[in-house]
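Please open the model in your viewer and keep the sequence panel beside it, since the tour below moves from one selection to the next.

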Amino acid sequence: MSARIKWRRFVSNFMLTLTGLCALVSVSVLFLILGYLVFNGGRSINWAFFTQLPKPVGEAGGGMANAIVGSAKLLMAASLLGVPIGFFGGVYLAEFSGSAVASVVRYAADLLNGVPSIVIGIFAYSMVVLPFRHFSTLAGAFALGLMMIPITLRSTEEFLGGVPRYLREGAMALGASKWRTIATVVVPAAYRGILTAILLALARVAGETAPLLFTAFGNRYWSEGWGQPTASLPVVIFNYAVSPYEDWHRQAWAAGLVLLGLILIINILARTILSRGIAVPRS
Amino acid sequence: MQASPKPGLSVNIVSNVGPVAHGASAPLPMRMTISKVNFYYGSKQILFDINMGIADKRVTALIGPSGCGKSTLLRALNRMHETFHTSRLEGEIQLDGQNILAQDVTSLRRRVGMVFQRPNPFPKSIFDNVAYGLRINGIKGSTSEMVEKSLRRAALWEEVKDHLHKSAYELSGGQQQRLCIARALAVEPEVLLLDEPCSALDPISTAKIEELLVELKNLTTIGIVTHNMQQAARVSDFTAFLLTGQMIEFNPTPQLFTTPSDPRTEAYITGRFG
Amino acid sequence: MATSGTTLPNAGPATGSRSFLSRLRDGDEIARLITMVFAATVVLITLLLVYELWTNSALARAKFGLHFLVTRVWDPNIDQYGALPFMYGTLVTSAVALLIAVPLGIGAAIFLAELAPPRISDTLQFFIDLLAAVPSVIYGLLGVFIIVPLMRTVIFPGLNKPLGFLPFFKGPSYGVGFLTAGMVLAIMVIPYIISVSREVLLSVPRDQREAALALGSTRWESTWQVVVPFAKTGILGSVFLALARALGETMAVTMVIGNTPTISASLFSPGDSIASVIANQFTEATGDVYLQALVELGLVLFLMTFILNGLARILIVVTTQKGSGVPVG
């Protein structure tokens with residue numbers, strides 16, 4: 001082999017190894033994050049963490065019960081807003097609309113999807129906080145719900161559209177009307193993909209902080225009903241992490257572990273078990 | 001039943017090609033020899049005990065119905081089968097007496113070039129397409145002269161000489177395929193393999209390329225896979241007929257097409273199947 | 001797409017010729033109307049969002065005009081607001097992020113698309129997808145407690161001693177700053193570059209690579225000189241997408257950028273970005289002009305990401321379509 005070819009082969013092997021390193025570095029970040037969270041946050045996870053309210057500033061101990069409940073309320077309400085709009089909008093696109101209207105709706109959804117989350121927060125502030133003159137769970141849920149719409153809509157459209165013709169025709173040939181066909185045949189055929197997308201959307205907004213900063217705002221106590229400001233896990237993590245208190249840092253790590261753990265579990269479940277054999281929307 | 005040649009550098013085959021000046025049984029050198037080749041994709045066997053040769057400065061055609069393994073065999077000759085992880089080759093393939101499987105594959109492929117079924121020029125200019133092989137192999141000399149030489153040999157020069165820096169994708173399908181031939185010729189391979197080069201082209205482009213091949217064999221040894229029997233009959237000096245992975249017959253073209261020695265060959269060429 | 005081209009068994013004569021009320025009794029029409037309302041809501045919300053951003057920044061826009069974008073001063077005490085420090089911070093941190101993330105991301109994508117066997121490629125891609133699901137505030141945690149100390153103890157001395165004569169690397173460093181934020185952002189946008197570039201590379205037709213190999217290229221030569229150039233438009237699209245993400249990133253940046261509206265060439269200087277100043281000051285904004293200036297910042301951010309996302313989409317679509325149809329005439 002000539003020297004030149006030897007050199008070219010060396011370069012080839014070297015560069016290809018380098019790309020492998022890039023892949024390794026990128027993937028290992030995930031495990032680094034998990035490692036740090038488990039190491040720093042693991043020891044602070046205890047019963048108190050889940051059941052107690054935060055202690056006054058400067059006192060050690062306490063927990064994040066209100067933040068956990070607050071996040072749960074926010075997510076529940078957000079789903080109530082975002083999922084129906086996204087789902088039925090997707091049904092319209094897949095089953096009823098013409099292509100021109102469909103493009104417009106799709107474009108709007110993509111646009112909404114690309115809006116930075118803090119700008120969504122500004123919008124929610126002007127729509128829900130200003131009229132009622134205070135921060136509220138509702139406002140936070142509004143912001144998060146908006147963020148769930150685009151993923152739900154696009155995925156619903158995609159999965160409904162993927163249901164084969166012959167299934168629909170089978171139902172219609174038996175005399176089923178269009179809406180009955182959709183409700184009893186098409187949607188059940190596509191439900192796994194749609195459910196996966198909804199779960200992924202939920203996982204995404206569960207970690208969102210920015211839109212909550214001036215909608216749900218925060219609360220050191222329980223939040224009554226839906227019209228009061230409420231604590232939420234991501235915002236508490238933020239506030240505790242940037243505070244000067246050691247004990248709050250410790251709690252921030254623990255909360256981070258809980259939050260990421262939940263998000264990753266939802267993601268893994270949705271991407272593996274639920275969506276066996278179907279293509280999953282990328283984040 | 002089979003007229004399979006024995007492995008070795010030369011084969012006692014009657015040559016009816018060209019002027020008969022040499023006499024009826026002058027031995028013809030084989031540029032490449034294929035001996036006892038079995039080929040597998042995973043656990044599925046595609047080729048069974050293939051023995052044949054590619055004659056020097058001649059056109060050898062591989063014909064047979066879809067799925068008979070002719071493309072697989074062709075691609076083994078420059079080890080392109082190695083791009084699939086599960087492929088496995090047993091047996092020996094020699095180029096000028098040396099086993100190609102034991103050599104460095106990069107140098108092998110410079111000596112044995114390939115043109116593919118669908119024209120596949122790179123997203124570069126016409127000039128850069130042809131120059132690609134020259135550049136990566138570090139071939140010394142004037143690049144533009146060598147590019148011109150290749151384009152002339154591929155009968156494309158007149159059509160593109162004023163547009164060398166335009167994108168290759170602006171050419172028509174037939175022109176793109178001739179560009180691919182020029183690209184392959186630029187590194188002056190000893191053997192040029194073409195895998196159904198005209199199947200994606202219109203009849204006029206096909207005719208141009210067939211003319212080209214007949215001229216090119218003076219320059220380089222040619223192996224061609226074709227599903228078009230008439231093309232094989234028009235263009236090649238030797239033809240090998242494959243059926244479900246087996247070599248049924250390998251003979252000089254006029255002999256195979258007029259007096260095939262195997263009934264299966266006869267059935268195929270008279271259109272009874274395939 | 002709608003499958004409403006076929007005639008339904010019980011639809012009766014073509015819909016146009018029936019009265020509205022009789023169509024309404026038919027469940028299909030109701031279903032169509034209801035779902036249409038939901039779909040329309042999506043469009044409405046989007047329009048409303050733009051409208052609200054526009055009107056709620058009216059005061060500030062009237063007062064400052066386009067000068068807003070180039071004024072350095074941001075002083076609530078005298079009601080003077082200029083976006084320049086934040087635009088600078090946003091752009092610098094994004095640039096740093098891309099400088100780190102693009103080579104790493106494209107390298108990883110090349111490995112996943114060209115080299116790794118399909119099973120390994122898919123598994124690694126799965127992990128990359130999980131990485132994209134990690135929320136911003138968690139990256140912020142890592143930034144504050146791991147990267148900031150690292151910056152103070154290792155990175156700053158490591159860069160400042162040999163290269164401190166360059167304006168980019170002048171000290172001092174407090175741990176937070178443009179470089180720290182850029183590094184955290186880089187980690188956050190790598191998954192997007194990898195995912196999209198990998199898909200785009202996988203869509204390059206096999207025979208491009210084979211043609212290169214058949215000419216005697218090494219694997220790296222065929223990848224770098226043929227496959228990657230073929231996909232370069234789509235890869236560029238992935239970079240735009242990553243940039244759009246980086247621009248809008250709020251929490252992680254807020255936690256490590258230093259939150260001082262400074263314009264400085266030094267990467268170690270603390271600064272501020274558009275998203276983080278909104279996050280920090282929105283709830284403390286007193287007075288209409290103050291608040292509306294912040295909303296105007298939101299409008300600017302919206303426009304920037306809007307344009308970038310649009311460009312990215314075009315680039316990606318163009319490349320994946322190119323892969324499936326080289327003209328053969």
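## Starting on chain B

Select B:P263 to begin: this residue is exposed, because 10 other C-beta atoms lie within 10 Å of its own, and a residue with 12 or fewer counts as exposed. Keep in mind throughout that the model is predicted. B:P263 belongs to helix α10 of chain B, which covers residues 263-269. If you now add B:L156 to the selection and draw a distance between the two C-alpha atoms, you should find a separation of 42 Å for residues that are 107 apart along the chain.

Next, go to B:K57, which sits in the loop between β3 (44-55) and β4 (59-63) of chain B. Its phi is positive, about 50°, although B:K57 is not a glycine. Is B:K57 buried, exposed or partly exposed? With 16 other C-beta atoms within 10 Å, B:K57 is partly exposed.

A second loop of chain B can be examined in the same manner by selecting B:D96, whose place is between β5 (87-95) and β6 (98-99). Here too phi is positive in a residue other than glycine, with a value near 50°. B:D96 counts as partly exposed, having 15 C-beta neighbours inside 10 Å.

## Chain A as a whole

Now show chain A alone as a cartoon, in which you should find 10 helices and zero strands. Followed along the sequence, its pattern is therefore a run of helices, α-α-α-α-α-α-α-α-α-α. The radius of gyration of chain A is 24 Å, whereas the globule rule gives 19 Å for 283 residues; the computed value is well over that figure, so chain A is more spread out than a compact globule. Turning the chain about its principal axes, you can compare this with the extent of the C-alpha trace, which spans about 75 × 70 × 35 Å.

Colour chain A by domain next, using residues 3-33 for domain 1 and residues 47-274 for domain 2, as the domain assignment gives them. The C-alpha centres of these two domains of chain A lie 39 Å apart. Over the whole chain A, 50% of the 283 residues count as buried. Among contacts in chain A between residues at least 6 apart in sequence, 73% join residues at least 24 apart.

## Where chain A meets chain C

Bring chain C back into view and select the residues of each chain that touch the other, which are 82 residues of chain A and 76 residues of chain C. Which helix gives the largest share of the side of chain A that touches chain C? That share, 18 residues, comes from helix α1 of chain A, residues 3-41. Colouring this side of chain A by residue class should show 54 nonpolar, 19 polar and nine charged residues.

## Inside chain C

Hide the other chains and look at chain C, which has 13 helices and two strands. Of its 329 residues, 53% count as buried, and residues 24 or more positions apart account for 76% of the contacts in chain C with a separation of 6 or more.

Select helix α2 of chain C, residues 27-55, whose 29 residues reach 41 Å from the first C-alpha to the last, close to the 42 Å expected at 1.5 Å a residue. Show side chains along this helix and pick out its buried residues, among them C:D28, C:A31, C:R32, C:T35, C:F38, C:A39 and C:V42. An α-helix has 3.6 residues a turn, so residues three or four places apart point the same way.

Then colour chain C by confidence: its mean pLDDT is 87, and 90% of its residues reach 70 or more. Among the elements of chain C, helix α4 (residues 84-115) has the highest mean, 95, and helix α1 (residues 20-25) the lowest, 64. Treat residues 1-15 of chain C with care, as the pLDDT there is below 50, although this stretch has 22 contacts in the model beyond near neighbours in sequence. Residues 324-329 of chain C also have pLDDT below 50, with eight such contacts.

## Last stop: chain C against chain B

Finally, show chains B and C together and select their contact, which takes 19 residues from chain C and 27 residues from chain B. On the side of chain C, the elements giving two or more residues are α8 (206-214) and α9 (219-230), and α8 of chain C gives the most, with six residues. By class, this side of chain C divides into 11 nonpolar, five polar and three charged residues. For the model overall, the scores are ipTM 0.89 and pTM 0.85.

Note on methods. Residues are numbered from 1 along each chain as its sequence is written. Chains are lettered from A and ligands numbered from 1 in the order in which they are written. This is a predicted model: local features need pLDDT of at least 70, side-chain atom pairs count only at pLDDT 80 or more; totals for chains, interfaces and linings use all residues. Two residues are in contact if their C-beta atoms, placed from the backbone, lie within 7 Å. Helices (H or I, at least four residues) and strands (E, at least two) are DSSP runs, numbered from the N terminus. Ala, Val, Leu, Ile, Met, Phe, Trp, Tyr, Cys and Pro count as nonpolar, Asp, Glu, Lys and Arg as charged, and the others, Gly among them, as polar. pLDDT is the predictor's confidence in each residue, from 0 to 100. The radius of gyration is taken over C-alpha atoms; the globule rule is 2.2 Å times the number of residues to the power 0.38. A residue is buried if 20 or more other C-beta atoms lie within 10 Å of its own, exposed if 12 or fewer, and partly exposed in between; C-beta atoms are placed from the backbone. The expected span of a helix is 1.5 Å times one less than its number of residues. Domain bounds come from an automatic or database domain assignment.
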